[in-house]
Amino acid sequence: MVWKQCSAGALIASLYATQALAQEPEVFSRASNESLLWGPYKSNLYFGVRPRIPKSVTASLAWARVEDFVKVQNNVRHTCEQHEGMDGYGWDSYDPRTGGVQTIHDKGNGIDLETSFVTISDGAWAARVKGTPRQDAERMAGTQDSIDTIKTAVWFNLGLEGLGSIEATGIDDAEELGYEGDVVFDGQTNDLGEFTVTITEPEGNSHPESIHPAGQAKPLDRTLVHSLHVPDEALWQIKRKYRSFLAYPLLLFLTRFHSSDLRIPEDHYRWFRRRIYCRENAATVAHVHYTEPSWPG
Amino acid sequence: MHLVEKVFEGAFEFDILFKPKSREMSFSSDFVTKQIETVKKNFDKKYQDVLKPQAPFTVSKYLEFSKSLFSNLIGGIGYFYGDQVVDRSYASEYDEENEGFWQEAADARARNAHKLEGPYELFTAVPSRPFFPRGFLWDEGFHLLPILDWDPELTMQILSSWFNLMDEDGWIGREQILGSEARSKVPAEFQVQYPHYANPPTLFMAIEGLLDKAENKDSANRNALADRDTVKAWLKSVYPLLQRHFDWYRRTQYGDVKSYDRPAFSTKEAYRWRGRTEQHILTSGLDDYPRAQPPHPGELHTDLISWMGLFSRNMGRISAFLGEDDDEAKYTKIAEAIRRNVDDLHWDAEAKTYCDATIDDYEESIHVCHKGYISIFPFMTGLLGPDHEHLGAILDLIGDKEELWSPHGIRSLSKQDEYYGTAENYWRSPVWMPLNYLIVKNLLVSLDSGFYKYLILIELQQDIAQQPGPQQQRATTMYTELRKNLVETVYESWRETGFAWEQYNPDTGAGQRTQHFTGWTSMIVKIMNFPDLAGKDSGHDEL
């Protein structure tokens with residue numbers, strides 16, 4: 001039969017695939033295509049934004065309650081998973097042309113998140129992340145703290161595949177203690193041109209205070225930026241990397257709550273030390289290179 | 001890459017603002033606040049116009065439920081890019097032509113001739129964000145039906161993306177596992193795609209819906225962004241791919257009529273799924289639904305010929321719409337031959353239902369009847385016209401509480417079947433929303449399009465008064481009751497668990513298997529949006 005002999009079909013199909021985007025503007029208006037350029041198109045994540053471009057910018061969110069050292073290791077949320085302690089999550093309203101609002105009822109972490117995404121004219125977009133402690137949140141063992149003071153770490157992950165760059169502005173001043181206000185990234189790629197990404201720090205937020213000297217080294221009311229060289233293929237595996245960045249805030253909480261005795265189980269302590277070590281070796285230069293040869297385990 | 005780390009105490013809020021440098025005007029968080037409000041308001045307004053639940057689901061809880069399911073379907077749309085694992089060995093065993101073919105094919109698969117190819121890109125909705133975050137051909141045609149009501153142009157873009165995956169032969173892989181991130185969610189043995197495997201061509205249901213809108217045959221959506229000219233221009237651009245795809249199905253999934261002297265209107269229009277194993281036909285999408293035992297190369301599959309009926313009918317409509325008269329004649333002829341052959345090859349007069357066929361020990365063609373979704377596939381795919389002689393028998397089967405009817409929707413397999421609820425019990429009793437959607441829809445089509453008149457005619461012939469009679473009343477009641485049962489089932493489970501589910505238990509109505517299955521379970525949105533016909537019966541509850 002004829003169809004058996006055509007083993008080159010896939011290569012041709014892939015050529016068609018890349019040509020397809022070029023064909024569509026003939027049928028659909030440019031405005032129509034542009035309104036669909038950005039979206040939460042990494043829908044395997046609780047919140048992951050990317051453009052409809054093969055290798056480009058990805059922006060995603062991860063978070064965890066960071067008061068209990070043991071629990072936190074299994075409570076980092078990033079990829080959507082079944083039976084992860086969620087009391088339901090998803091979009092309450094959504095239109096791919098304009099955006100919408102998602103609520104995430106994270107019972108396991110004692111917090112409800114609201115993530116909104118809106119497109120803005122001329123290729124701009126915005127996302128808003130709101131956290132509200134759940135009334136059924138468990139109290140941290142051994143404390144009388146109100147659940148209204150639940151401690152949550154949130155990581156916004158800005159990655160780039162393919163050619164281009166994204167750099168944190170003002171990193172020289174902020175490297176030591178972190179950013180006091182907004183964090184602004186400058187970036188450029190061939191498809192997107194030059195752009196900025198701003199992560200705001202509104203005044204209304206509260207941050208944990210540290211009474212321990214370690215708190216002065218890394219104050220928790222500052223925003224930290226960790227920059228890493230990561231090859232394209234490893235970019236999506238970032239979930240397991242988040243844990244390494246938990247080390248600092250965890251240290252601060254733990255020394256605050258248990259200043260004389262860390263009471264970390266021995267094996268966890270080793271894990272903890274290893275992660276601290278990893279972090280201090282992480283690159284802080286804000287270039288992302290597509291040629292990075294290896295993924296540092 | 002950069003990780004921006006913030007640590008909060010209590011409630012918090014922050015924004016992420018992306019601005020191209022070419023855009024001169026910057027924007028603030030206050031602006032974002034206003035924009036979010038505007039977006040929500042416009043969504044609510046458009047929802048009222050396009051997908052609002054109809055009676056008896058007019059209380060606000062159903063509106064919230066409907067918006068949530070629809071938003072998760074359309075908010076689940078993803079963009080995927082990466083390489084794919086494909087076995088392009090085209091081994092002769094994959095023809096599945098010998099007795100014992102499934103063992104030979106298993107041996108051929110075990111040679112592990114698969115390779116990475118691509119990269120490909122795909123813009124698609126997904127069945128489930130946590131468990132199936134990738135494109136599925138069988139699901140996508142259903143996904144696109146509510147999306148089509150919302151945004152026809154978006155639907156065309158997604159369809160284009162799928163059709164652009166097609167290879168030279170006309171094949172599209174049934175599961176699109178593009179890139180290592182997507183593969184990380186799939187066990188290795190399920191990653192390989194085979195270019196002799198088909199899957200239900202559901203994308204043509206979306207094209208049928210699109211044509212309905214372009215030709216003003218669908219009154220549901222008046223806010224379409226695409227008009228007749230756009231649909232025409234788009235169809236013209238993909239038309240060669242659609243033809244290639246259609247030819248691939250006919251060429252590779254043919255069933256054998258001639259060798260077994262099967263009496264039929266056409267010797268060509270019969271179909272058999274390839275990729276069959278002893279217990280499964282994964283390619284059919286109905287995985288473990290009971291089929292002929294043991295498998296035989298002479299099998300004919302009711303669901304596939306029904307899909308091909310839907311496919312050819314729409315190829316006819318598309319070519320007519322594009323003014324391709326010769327093609328229209330060709331496809332219409334095929335569609336007619338399929339319509340005739342469905343009855344000639346698959347109707348079993350004794351069982352009063354449609355059945356698969358196989359070859360017995362005496363080399364005779366016989367029917368294999370397991371009542372369930374398979375038996376009513378010609379009805380679900382719109383092949384039975386309003387005056388079809390077997391429509392009554394199909395309604396009997398659907399409405400029978402001892403067979404398919406359950407208080408939570410139509411069961412996948414009859415309660416009377418020996419395999420009901422057995423083994424994996426995946427398609428052997430549970431209620432599936434996409435198939436129930438097809439039942440509700442075709443009940444509505446029948447009632448809308450002259451089935452009423454036909455029934456009245458019969459009743460007149462039988463000297464029954466011109467008042468709505470028991471047959472007509474039964475069909476209307478069935479539509480009304482089924483719609484209510486389905487909506488209540490999915491709603492109650494959603495309210496209780498916070499999630500939509502892959503399938504529903506016919507006895508308890510509980511959602512089961514995959515959690516947060518916001519793909520085709522969202523067909524309930526369309527079912528709620530269908531018209532209420534309850535006023536048209538006389539209020540009796542029994543079927």
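**Exercise 1. Work out the strand order of the six-stranded open sheet, then find its edge strands.**

Solution.
- Step 1. Read the order across the open sheet: S1(A)-S2(A)-S3(A)-S8(A)-S1(B)-S12(A). The model is a predicted one.
- Step 2. Look at the pairing. It is antiparallel.
- Step 3. Find the strands that pair on one side only. These are strand S1 (38-39) and strand S12 (224-227) of chain A, the edge strands.
- Step 4. Check one pair inside this sheet. Strand S2 (residues 48-51) and strand S3 (residues 57-65) of chain A run antiparallel and are joined by two bridges. Opposite Gly48(A), in S3(A), stands Ser60(A).

**Exercise 2. Trace the eight-stranded open sheet and say which strands lack a second partner.**

Solution.
- Step 1. Write the order: S4(A)-S5(A)-S6(A)-S7(A)-S2(B)-S11(A)-S10(A)-S9(A), with antiparallel pairing.
- Step 2. Go to the two ends. Strand S4 (86-95) and strand S9 (165-168) of chain A each have a single partner strand, so one side of each has no neighbour in the sheet.
- Step 3. Add the twist. On average, neighbouring strands of this sheet are turned by 10° against each other, direction ignored.
- Step 4. Take a pair within chain A. Strand S10 (residues 183-189) and strand S11 (residues 193-199) of chain A pair antiparallel over seven bridges. Phe185(A) has Val197(A) as its bridge partner in S11(A).

**Exercise 3. Find where strand S2 of chain B joins strand S7 of chain A, and name a bridge partner across the chains.**

Solution.
- Step 1. Locate the strands: S7 covers residues 124-133 of chain A, and S2 covers residues 12-20 of chain B.
- Step 2. Count the links. Seven bridges join these strands, which run antiparallel.
- Step 3. Pick a residue. Arg128(A) has Asp15(B) as its bridge partner in S2(B).

**Exercise 4. Place helices H1 and H2 of chain B against the strands they touch or cross.**

Solution.
- Step 1. Start with helix H1 (residues 29-50) of chain B. H1(B) packs on the eight-stranded sheet, touching S4, strand S5 (99-106), strand S6 (111-120) and S7 of chain A, together with S2 of chain B.
- Step 2. Give its direction. H1(B) makes about 90° with S6(A).
- Step 3. Turn to helix H2 (residues 60-75) of chain B. H2(B) lies across S4 and S5 of chain A, at about 80° to S4(A).

**Exercise 5. Describe the side of chain A that touches chain B.**

Solution.
- Step 1. Count both sides: 111 residues of chain A contact 81 residues of chain B.
- Step 2. Find the top contributor on chain A. Helix H1 (residues 9-27) of chain A gives the most, with 11 residues.
- Step 3. Sort chain A's side by class: 57 nonpolar, 37 polar and 17 charged residues.

How values were computed:
Residues numbered from 1 in each chain as written. Chains lettered and ligands numbered in written order. Predicted model: local features only at pLDDT ≥ 70, side-chain atom pairs only at ≥ 80, totals over all residues. Contact = placed C-beta atoms within 7 Å. Helix = DSSP H or I, 4+ residues; strand = E, 2+ residues; numbered from the N terminus. Nonpolar A, V, L, I, M, F, W, Y, C, P; charged D, E, K, R; others polar. Pairing = 2+ DSSP bridges. Axes fitted to C-alpha atoms, helices over the stretch in contact; angles between N-to-C directions.
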